[in-house]
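This report describes the strand pairing, helix packing and aromatic contacts of one protein chain. The sequence and the model are shown first.

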Amino acid sequence: MLRPLAEITAEHPSFFGESRVIEPQPFIIEEDATVLPRVSTGQAGVWAGRWSQGIFDSNGNHIEALNDKRGARQLFFPRSQLQDDISPSSSNIKRKKIIIYGGTLYEHFGDMLADASRAYQLLRLFRNSKDPIWFHYAVPRLVRKIRRPSMLEWIECLGLSKRIRLIRKPLIAEKFISCPQIHRDLEFTSTDYHSAAQSALHPKLAKQLRGASRTHNRIAYLSRENLKKGTTKFIGEAKLVERLSSINGVDIIVPEELSIANKLSLWRNYSLIIGFPQSCMLLKPFVPYDEPSELAHQIFLIAGPRCFPSTWLNIEKACGFGDSYLDCNSEESDHSAPKPEGFTRGNYFDIDKAFKTIKNLSHANHSKSLLIQT
């Protein structure tokens, strides 16, 4: 039975994280701000503490709102005072009249989409500006340019290919402009996240997507079977995919094989998009539309512990899509599966329930299509 995504509770065994929607936060504008690049802290332990980066106000105080967090975890936070973080060799710091700061770029596809949210907000005001937009890049400083094709592709989708700059040396901004996170994984999404996402795509791409219309009432099933690593591996998905491939009206989509533009098109081309939680599903807020009915209804399959982070619920509450979830827990779902190579956990799910539900939805879609035609 499909249930409204917005009604999933914190008590659900698959759910984890904090669910919260926040009000829009003001932009951060500083004069004579110091921007420090990413440097090694020399500390052992988790990756988030092995590097530091940050922005400091004219009094030398760290502006915490400009470093990222995921849940309560601080990412790459420097020490609180500028004099504790800057080296004596940085005394002749280059000055810039203006720095527009877009945040940090992460190489993981989902993190890249979610954590570049400052840039989406800034593009609402600075789309037609010629000023560059500056980013930290979450890789060792020996990496001198963006190396992931998917990241370069997303930057092009945003129309930033000629405007992006990476922060590699200390800088002083006579005027510094940015904003707090408008989406924080596992914690909150701002009510203006959707409008920012709708403004983020290059106008040419947005126009192209707006021109794509639904030509059939088919279902797109987003397969995770080709993923080699991640958090959750859903045991038995290969069997589900094999059975779904026999249903007329269901297309098996492997998102990793599509360009980002074609991924975005899925929500314009299909009536239903179904799959286990995955990064590709973060793209829906960016797809332009006039009426909500123009976009595919999205259905999340969930089963087993800690496979449904609060990110999806927060985005749903902020965007109001009215999407759904299907609880596919089985008797096995309460038991831990052997840890699959490359994944944090393996979760069992009820293959029959998932298959029958999707089959019934396909038949209902087909009947609706015939009704419209007649």
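The bridge partner of L301 in strand β20 is L326. L326 also stands opposite L2, a pairing that belongs to the contact between β1 and β20. The model is a predicted one, and the values below are computed from it.

**The sheet that holds β20**

Strand β20 covers residues 324–327 and is joined to β1 by three bridges, the two strands running antiparallel. Four bridges join β20 to β18, and here the strands run parallel. Both pairings belong to an open sheet of six strands with the order β1-β20-β18-β17-β14-β16 and mixed pairing. Its edge strands are β1 (2–4) and β16 (250–253), each of which pairs on one side only. On average, neighbouring strands in this sheet are turned by 25 degrees against each other, with direction ignored.

Further along the order, β14 (residues 219–222) pairs with β17 (residues 272–275) in the parallel sense, over four bridges. Within that pairing, L222 stands opposite G275 of β17. Helix α7, made of residues 237–244, lies across β14, β16 and β18 (297–302). The direction of α7 is at about 160 degrees to that of β14.

**The second sheet**

Another open sheet of six strands has the order β5-β4-β11-β8-β9-β10, again with mixed pairing. Here β5 (51–56) and β10 (164–166) are the edge strands and pair on one side only. The average turn between neighbouring strands is 45 degrees, direction ignored. Strand β9 (residues 133–137) runs parallel to β10 and is joined to it by three bridges. In this pairing W134 stands opposite R165 of β10. Helix α3 (residues 117–126) packs on the sheet and touches β8 (94–105), β9 and β11 (171–178). The direction of α3 makes about 130 degrees with that of β8.

The strand pairings with stated bridge counts are collected here.

| Strands | Sense | Bridges | Opposed residues |
|---|---|---|---|
| β1 and β20 | antiparallel | three | L2 and L326 |
| β18 and β20 | parallel | four | L301 and L326 |
| β14 and β17 | parallel | four | L222 and G275 |
| β9 and β10 | parallel | three | W134 and R165 |

**Aromatic contacts around F300**

The model has 10 aromatic pairs. One of them joins F300 and F308 edge-to-face, at 5.5 Å centre to centre and with 80 degrees between the planes. Both F300 and F308 are buried. F300 also pairs with W312: the ring centres are 5.2 Å apart and the planes are at 50 degrees, so this pair is tilted. Because F300 lies in strand β18 and W312 in helix α9 (residues 310–319), the pair ties together parts that are 12 residues apart in sequence.

How buried are the two partners of the tilted pair, F300 and W312? The cut-off for buried is under 20% relative accessible area. F300 is at 2% and so counts as buried, and W312, at 9%, is therefore buried as well.

Helix α9 as a whole is mostly covered, with nine of its 10 residues buried. Among the buried residues, besides W312, are L313, I315 and C319. The polar or charged side chains N314 and E316 are in the buried set too. After α9 comes G320, which has a positive phi near 65 degrees.

**Other aromatic and charge contacts**

W47, F76 and Y106 make up one aromatic cluster. Two arginines lie over rings of this cluster. R38 is over the face of F76, 4.4 Å from the ring centre. R70 has its charged end over the ring of Y106, at 4.6 Å from the centre.

**Packing of α6 on α8**

Two packed helices are described by the angle between their axes and the distance between the axes. For α6 (residues 203–210) and α8 (residues 260–269) the angle is about 40 degrees and the axes are 10 Å apart. Their crossing is right-handed. On the α6 side the contact is made by L205, L209 and R210. On the α8 side it is made by A261, L264, S265 and R268.

Technical notes: Residues are numbered from 1 along each chain as its sequence is written. This is a predicted model: local features need pLDDT of at least 70, side-chain atom pairs count only at pLDDT 80 or more; totals for chains, interfaces and linings use all residues. Side-chain values use heavy atoms; hydrogens and water are left out. Two strands pair if DSSP finds at least two bridges between them. Axes are lines fitted to C-alpha atoms, for helices over the stretch in contact, and angles run from 0 to 180 degrees between N-to-C directions. Contact means heavy atoms within 4.5 Å. Rings of Phe, Tyr and Trp (its six-membered ring) pair if their centres lie within 6.5 Å; planes under 30 degrees apart count as stacked, over 60 as edge-to-face and the rest as tilted. Buried means under 20% relative accessible area, exposed over 50%, partly exposed in between (1.4 Å probe, protein chains only). A charge sits over a ring if NZ of Lys or CZ of Arg is within 6 Å of the ring centre and within 35 degrees of the ring normal. A crossing is left-handed if the near helix is turned anticlockwise from the far one by less than a right angle, and right-handed if clockwise.
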